[in-house]
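Visitor: I should like to examine a single strand of this assembly closely, with the remainder of the model as its setting.

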Amino acid sequence: MSTTTTDIDALAAALRAAIGADRVISDRQELRTYECDGLAQYKVIPALVALPADAEQCAAVVRACVAAGTPFVARGSGTGLSGGALPRADGVLVVASQMRDILEIAPDDERAVVQPGVINLAVTRAATPYGYYYAPDPSSQQICSIGGNVAENSGGAHCLKYGFTTNHVLGVELVTPDGDRVRLGGRAPDAPGYDLLGAFVGSEGTLGIATEVTVRLTRLPESVRTLLAAFETTDQAGAATSAIIAAGVVPAAVEMMDALAIEAAEAAVHCGYPPGAGAVLIVELDGPEPEVAAQFAQVESLCRENRAFEIRIAADDAERALFWKGRKSAFAAVGRISPDYIVQDGVIPRTALSEVLRRIGELSAERGIRVANVFHAGDGNLHPLVLFDAAVDGETVRAEEVSGAILDLCITHGGSITGEHGVGMDKAKYMPRMFTDDDLDTMQLLRCAFDPDGLANPGKVFPTPRLCGEVPGRRKGLHPAQEAGLAEVF
Amino acid sequence: MPADRTLDQLRAAAEVVRTAGEHDTIDGVPARYVAAPRDTGQAAHLLRAAAALDLAVTFRGGGTKQDWGSPPRRLDLILDTTALTGVVEHAAGDLITVVRAGTRLDELPATLAGAGQQLALDAPLPGGTVGGAVATNTSGPRRMLYGTVRDLLIGVTLVRVDGVVAHAGGKVVKNVAGYDLGKLVTGAYGTLGLITECAFRLHPLPATVAYVSRAVDDLAEAGRLAGTVRAAQLAPTALEVDAPAGERAMVTVLLEGTPAGVTARAAAARRLLGADATEADQPPEGWARYPWRDGDVGLKLTAALSGVPRLLSDARAAADRHDLPLALRGSAGVGVLYAGLPGASDPERVAGLVDALRATTAAVGGHTVVLTAPAPVRDRVDPWGPVHGLELMRRVKQRFDPDARLAPGRFVGGI
């Protein structure tokens, strides 16, 4: 891999020739702007930044990297929380911010075609006048990009009912790690061949760079109703969630916050949640009006049966927004009650919620590290916020230990080390706790098919790269006639 | 009978091996041996032994779709999954289940319905296994609401061609750790590895269902009506068109939900479809079945949603031009139609029609795939048509099966 200054200078010249001098950054101060993504504890200044204007320029950048043997990392808005877009000091950061056009909104096809730098919420804004929206709604939807969502298979509060990015991406055009432009999927479902689109979504930039994305648009629901229920304990709120699911209701979202998360949200955005609550649940139902009306009454009574001491029902969009404001601002809000914090992302089977929360409480008490809990209760996706003060000797280490122990709890209970933030740089080291060496080796067969030289976002997802080498085991001992497909040889 | 060293060596890996009988063929290609492992471990031993012996292997479940794709170029061992059965886990509170791949799809309700739950995947061919449904990516009307295998499969256990056992995904619905190999093997026709266990997300069984149907004379009108229903906010579970050759077409909307909700929505659907629409609590005849019989020609036609009315009428017009009775049926609400032709149809004319349908589907952003056809037809047509990303697919196949011993030739581009 090229790391010398001369090599980088030569690559910079090649990139400038390929995509224009104004699209390549090599100035040290300017490069510093790109040193981290949303996980700011990791910082690496890239050797170069390229800002391609279109797919062909993106392919030209990748081809130049391949020719130079230089690794490259793709980046959208840089909001990722696992360090998936952390640059390489010896590599090129390929930034999608100049590819921000919505190419087509086709309500008749229930499709939109967008460039990767388009902001998630912009798709919904463009589709709403036609009565449609883009369902995946990560909390960062006002700033995160579709390209980044595709790389990370982003979720959001409403994926309980509507699924994740992978369920809503119908096609991509990508630049492969060889610099080829390839189209996967498209406007119609079930394209023949392997579902490489399904493998590509969520591959965290290790299989190539998306340059155009075709997404599904979802019809706006006729009715949306939201309630906020306050409980004394998280166990009660968890029992209410279980009761709702057991009743056969599939809410659009079920979100929970514990007392510390509520305290932070109140301090930050004054959302006015019921005082004294040990837990709040936000339950949202959407769909045809008569269905929502029937199920909403059921949800309300299930919350009461499970000891909700206060239930508020959003009277209009403004009140609904206020319910959500506390929840959606929760990550940033803990900054009000703690100088530093780690946003964790793990998944457990929902039925293990009580047990896991109890263990998190014990871990917190043992190590003297506070943990605020925010989660997508409907699908068991926890976002514990581990609070610490880096200025206090040893707290950072203890906070990291607590954070890691929470992931171990998720694995022990048959869950996952990440529900929506991705593995990235941050969690590659935890992958062997969830998967065997054989599992990881098998996944990397796919990587070797796309990227035998390991240039696309190396060091992410997998703790140790697989050396791809030549395709092993040539065909042997086969008669040419057999190979030609003559079944009669049998 | 002379000693069979290959059989001995396979049996040393696992006892469950026999020599092939006259019915042990894959799409007409005879096998030498059949092995029926009872668990993932046995399957791994067998595939490792098969690798050492350089045997070509094809997987077989219920055998309901063995005539799909192309016949294998080479075949020694059929690895039969019908002993690899059973529900490993049903965590009702978490709405997930883990099942062995040889389990019949139509046996799952016996386990799941008791908890008021379902694997929301239609089984167009009765008797098929879970593994077969995943490997061929079959689906039916309810895909409009619940999606297809790729949306329901949350974890998978595979045995590679070299006998290595690998897992991907897990047992929780929300999970983005590692590559989604479940999607990679979905619809891969057993060319990348043996699926031995699948974890699925489940859905609650609906309290009430209603099928609202309307007969129409004209296929374009059927497509237009489907578009009208789709644009309303009824959230249907399925939106189907059934157009047998030479008969009136039927548009059917499936609504699921609470009793009060379904009553109101069914009334709204009747208003949209027209005055003579009817309502039933049972599906119409042929629901969730392909519009062809054993030995017929079976096609899958896809389109962008706006192209569905055009696909319906152009497909019928093309069939009329070729003087062939084309039965059309499928999910107008998602852009997937199936088409059947009598097996005795003139192969030249069928090939001509397939060409015409390829042009028609391409014009509406879709594809025409020949799922099944008698040999004389298959000799004249490419079952798959144009495939985007074929070069990448070949590279994937090379990494997973470098010696091309898994169902060689059965899949796109001769993979």
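How many bridges join β13(A) to strand β18 (residues 371-376) of chain A, and do the two run parallel or antiparallel?

Guide: Three bridges join β13(A) to β18(A), and the two strands run antiparallel. The model is predicted: local features need pLDDT of at least 70 and side-chain atom pairs pLDDT 80 or more, while totals for chains, interfaces and linings use all residues. Residues are numbered from 1 along each chain as its sequence is written, and chains are lettered from A and ligands numbered from 1 in the order written.

Strand β13 itself covers residues 253-258 of chain A; strands here are DSSP E runs of at least two residues and helices H or I runs of at least four, numbered from the N terminus. In the pairing with β18(A), A:Glu255 stands opposite A:His376. A second partner is β14(A), residues 279-287, which pairs with β13(A) in the antiparallel sense over six bridges; pairing requires at least two DSSP bridges. In that ladder A:Asp258 faces A:Ala279 of β14(A).

The side chains of β13(A) divide into two sets. A:Ala253, A:Glu255 and A:Met257 point one way, while A:Val254, A:Met256 and A:Asp258 point the other. Such alternation between the two faces of the sheet is what a regular strand shows. Both sets are buried, a class that requires 20 or more other C-beta atoms within 10 Å of the residue's own (12 or fewer: exposed; in between: partly exposed; C-beta atoms placed from the backbone). Because six of the six residues of β13(A) are buried, the strand is largely enclosed by the rest of the structure. A:Glu255, which stands opposite A:His376, and A:Asp258, which stands opposite A:Ala279, thus point to opposite sides of β13(A).

The strand belongs to a chain of 17 helices and 19 strands. Of the 490 residues of chain A, 57% count as buried, and the C-alpha trace spans about 70 × 60 × 50 Å along its principal axes. Among the contacts in chain A with a separation of 6 or more, 71% involve residues 24 or more positions apart; contact denotes C-beta atoms, placed from the backbone, within 7 Å.

Chain A also meets chain B: 81 residues of chain A are in contact with 80 residues of chain B. On the chain A side, the elements that give two or more residues are β9 (181-185), α7 (196-200), α8 (234-246), α10 (289-305), α15 (431-434) and α16 (437-450). The largest share, nine residues, comes from α16(A).

The partner, chain B, holds 13 helices and 21 strands. Buried residues make up 62% of its 415 residues. Its C-alpha atoms fill a box of roughly 75 × 55 × 40 Å, taken along the principal axes. Of the contacts in chain B between residues at least 6 apart in sequence, 69% join residues at least 24 apart. An automatic or database assignment divides chain B into domain 1 (1-205), domain 2 (208-238 + 254-280) and domain 3 (297-378). The C-alpha centres of domain 1 and domain 3 of chain B lie 29 Å apart, and five residues of domain 1 are in contact with five residues of domain 3.

Terms used
Contact = placed C-beta atoms within 7 Å.
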